[in-house]
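Reader: Please take one part of this model and go through it closely. I would like the helix pairing first, then single residues, with the cut-offs stated.

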Amino acid sequence: MPYILALLGIGSAIIAFTVSWQVKHVTPDFISVAKYNFFIIPILFIANTSLGLGFIKGHQLVKNLPLLIASQTFIYYLMIIFFSIYLVEDKVSFYRAIIAFSLMAFSIWLLKS
């Protein structure tokens, strides 16, 4: 299971980083956004391959795709919070983030049981 979580974590971290980097450094016009997305195709390919392997191997192990997707979403949002605070320098309410992640953790627990 750690291997599966690592695959989901790597894919989620890459995607969260590329989105955060785009928000911080790419000007909001069509050409700039299109050019950025064109250049990160190989990086997104790696991220999606990692996620795909994580979902396939995870499903072979736990036979619960909603649980895997909920877990990946949880990891992704943790990465988004991290990159939003440290890269984009957003002001994120600690208490609201804790409440939101608690609700997601509860949902994962429900799916697992």
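Author: What follows is a close look at helix α3 and its surroundings, set against the chain as a whole.

This is a predicted model, in which local features need pLDDT of at least 70 and side-chain atom pairs count only at pLDDT 80 or more, while totals for chains, interfaces and linings use all residues. Residues are numbered from 1 along each chain as its sequence is written, and side-chain values use heavy atoms, with hydrogens and water left out.

The protein chain has five helices and zero strands, where helices (H or I, at least four residues) and strands (E, at least two) are DSSP runs numbered from the N terminus. The order of elements from the N terminus is α-α-α-α-α. The C-alpha atoms fill a box of roughly 45 × 35 × 20 Å along the principal axes. Of the 113 residues, 31% count as buried; buried means under 20% relative accessible area, exposed over 50%, and partly exposed in between (1.4 Å probe, protein chains only).

Helix α3 covers residues 41-62 and helix α4 covers residues 65-86. Their axes come within 9 Å and cross at roughly 140°, which makes α3 oblique to α4. Axes here are lines fitted to C-alpha atoms, for helices over the stretch in contact, and angles run from 0 to 180 degrees between N-to-C directions. Angles under 35 degrees count as roughly parallel, over 145 as roughly antiparallel, 65 to 115 as roughly perpendicular, and the rest as oblique. The crossing of α3 with α4 is right-handed; a crossing is right-handed if the near helix is turned clockwise from the far one by less than a right angle, and left-handed if anticlockwise.

On the α3 side, the contact is made by Leu 51, Phe 55, Gly 58, His 59 and Val 62. They meet Leu 65, Leu 68, Ile 69 and Gln 72 of α4, contact meaning heavy atoms within 4.5 Å. By class, this contact has six nonpolar, three polar and no charged residues. Ala, Val, Leu, Ile, Met, Phe, Trp, Tyr, Cys and Pro count as nonpolar, Asp, Glu, Lys and Arg as charged, and the others, Gly among them, as polar.

Two further residues of α3 are Ser 50 and Ile 56. Ser 50 counts as buried because its relative accessibility is 7%. Leaving aside residues up to four places away in sequence, Ser 50 touches Leu 7, Ile 10 and Gly 11. Ile 56, at 51% relative accessibility, counts as exposed. The C-alpha atom of Ile 56 is separated by 9.1 Å from that of Ile 4, 52 residues apart along the chain.

Lys 63 is in the loop between α3 and α4. This residue is exposed, with a relative accessible area of 58%. Lys 63 has a positive phi of about 55° although it is not a glycine. Most residues other than glycine have a negative phi. Glu 89, in the loop between α4 and α5, also is not a glycine and has a positive phi of about 65°. Glu 89 counts as exposed at 53% relative accessibility.
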